[in-house]
Amino acid sequence: MEDPSSWINLAEVQAVAHKKMTKPAYDYYASGAEDEIALREAQMAFKRIRFLPKMLQGLPEKCDTKVKVLGGRYTLSSPLIVPPMAMQKLAHPDGEIGACRAAKMHGVSYCLSTMATTKIEDVASAHSSTVVPPSEGESLSSLKMFQLYVYKDRRVSESLIRRAEAAGFQALVITVDLPPLGHREADIRNRFHLPAPLRLENFIGESTTTEIDKKGASSGLADHSQAHFDSTLDWSIVPWLRSVTTLPIVVKGILRADDALMARQHRVDAVWVSNHGGRQLDCTIAPIDALPEVVSALEGSGIDAWLDGGVRRGTDVVKALALGAKLVGVGRPVLWGLAAGGEKGVSRVLSMLKEELGTSLQLAGAPSVRDLSPDFLVMPGMTPFCRPSSQGGGGRRGIVGSRL
Ligand SMILES: Cc1cc2nc3c(=O)[nH]c(=O)nc-3n(C[C@H](O)[C@H](O)[C@H](O)COP(=O)(O)O)c2cc1C
Ligand SMILES: CC(C)CC(=O)C(=O)O
């Protein structure tokens, strides 16, 4: 199991990572808040959705996964994104650099966390200098983005944004579902802290102390976020961000249609449907269940809906795309790949997921990700019926009781 090429699914990678990681590091990555209902539900909700595949569609040999995002500004090779995840050197010395390089090599977008163990500028230059060979004659394209936690001291946030912009990050993702930090019992029990010599590299030389570096009485994460993150944010944060940056703004952590409407009113560039991997408020709705309402709130606005949470299979990606997500994030499996095999491990995780995505598109009968729609799915509790049209071809389908 040492050789990443021997792994055949993402669950297997987690088992390898588990054996290699220290208990506090594994628990920090794996766990959710409180009873972990939201964590489990995010995955289970995908499994309740069924496909209604189309046959004899005259598919190309390889289905097209290109997507246009951020108001059509960018065409990307893949709808996959590595969401922001803190402290990636806890998994492996390759850390954020290994993860972002592997993502770029696969045409997968990468979002760097504020709470990284590698400096913004170092990640940017590793990403820029990664040369991606053309794949089947096409050059792969993806984005690098920066995720922001807003600090009580706005000068800290402003400096992070300016550094990310200067370093060439192409979008700013602001996370709105934290603080305060969710009640993560494993981290409290383990008195989680970042072991030396690892540090939150974006804050070296600044007045922001980290708390995360020291073993305290409780979780260092909770201490840090309570001390420094602004828990009083409201929608006026969007105009403030606009006053600081010209980057597209993505709001991450939305689960409600009325919040999506507020995001629309504030002209953000994308709404990222997420429950933070079940690490914040427990018992939230699964992101995939929240997606259809958010998509309909954004309809006609040109604002993208992105999604993460519980994505573990290519079929999960297809379901999210069919329900209207433009980008789909896969979180923990990337960390498991990193822990189990460094950059090569991440690369294997992404290649398995891309392969599953390609196969699932073919089996569902969609020539491209842009051809997907709710018509390919049967939602829980709904009875599908398919009616041939009176003209022959292209039958009509409905789902009894469906809100889609
Ligand atoms: C270890 C870990 C660290 C995370 N750190 C951040 C972070 O710094 N910023 C953020 O917005 N989300 C963070 N997240 C949440 C992810 O961006 C993402 O929403 C979540 O992991 C998706 O769920 P999944 O792991 O089931 O794919 C983190 C998640 C994990 C597992
Ligand atoms: C340091 C934390 C605030 C990072 C985070 O978002 C998480 O652990 O989920």
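How many helices and how many strands does the chain have? Select the whole chain and colour it by secondary structure: it has 13 helices and 14 strands, where helices (H or I, at least four residues) and strands (E, at least two) are DSSP runs numbered from the N terminus.

This is a predicted model, in which local features need pLDDT of at least 70 and side-chain atom pairs count only at pLDDT 80 or more, while totals for chains, interfaces and linings use all residues. Residues are numbered from 1 along each chain as its sequence is written, and chains are lettered from A and ligands numbered from 1 in the order in which they are written.

**The whole chain**

With the full C-alpha trace in view, the principal axes span about 70 × 50 × 40 Å. The radius of gyration, taken over C-alpha atoms, is 21 Å, which agrees with the value near 22 Å for a compact globule of 404 residues; the globule rule is 2.2 Å times the number of residues to the power 0.38. Buried residues make up 51% of the 404 residues, a residue being buried if 20 or more other C-beta atoms lie within 10 Å of its own, exposed if 12 or fewer, and partly exposed in between, with C-beta atoms placed from the backbone. Of the contacts with a separation of 6 or more, 71% are accounted for by residues 24 or more positions apart, two residues being in contact if their C-beta atoms, placed from the backbone, lie within 7 Å.

**The two domains**

Next, colour domain 1 (4-371) and domain 2 (373-404) separately; these bounds come from an automatic or database domain assignment. The contact between them takes eleven residues from domain 1 and nine residues from domain 2. On the side of domain 1 that touches domain 2, β1 (50-51) and α12 (314-322) each supply at least two residues. The residues of that side divide into eight nonpolar, no polar and three charged, where Ala, Val, Leu, Ile, Met, Phe, Trp, Tyr, Cys and Pro count as nonpolar, Asp, Glu, Lys and Arg as charged, and the others, Gly among them, as polar.

**The ligands**

Now select ligand 1 and the 24 residues around it, of which Pro-83, Ser-113, Thr-175, Gly-277 and Gly-331 come nearest; a residue is near a molecule if its C-beta atom, placed from the backbone, lies within 6 Å of it. This shell divides into ten nonpolar, ten polar and four charged residues.

Moving to ligand 2, select Ala-86, Met-115, Leu-178, Leu-181, Leu-221, Ser-225, His-276 and Arg-279, which are the residues around it. Here the shell divides into five nonpolar, two polar and one charged.

**Annotated positions**

The "binding site" annotation in the unreviewed UniProt entry covers Tyr-28, Tyr-149, Arg-184, His-276 and Arg-279; such annotations may be inferred rather than shown by experiment.

Centre on Arg-279, in the loop between β9 (270-273) and α11 (287-298). Arg-279 counts as buried because 25 other C-beta atoms lie within 10 Å, and, leaving aside residues up to four places away in sequence, Arg-279 touches Gly-32, Ala-33, Gly-182 and Arg-184.

Then go to Tyr-28 in helix α2 (residues 23-30). With 24 other C-beta atoms within 10 Å, Tyr-28 is buried; with residues up to four places away in sequence again not counted, Tyr-28 touches Asp-187 and Phe-192.

**A last stop**

Finally, select Arg-162 in helix α6 (residues 154-166). Is Arg-162 buried or exposed? Arg-162 is exposed, because 12 other C-beta atoms lie within 10 Å. Add Val-244 to the selection: Arg-162 and Val-244 are 82 residues apart in sequence and 7.8 Å apart in space, C-alpha to C-alpha.
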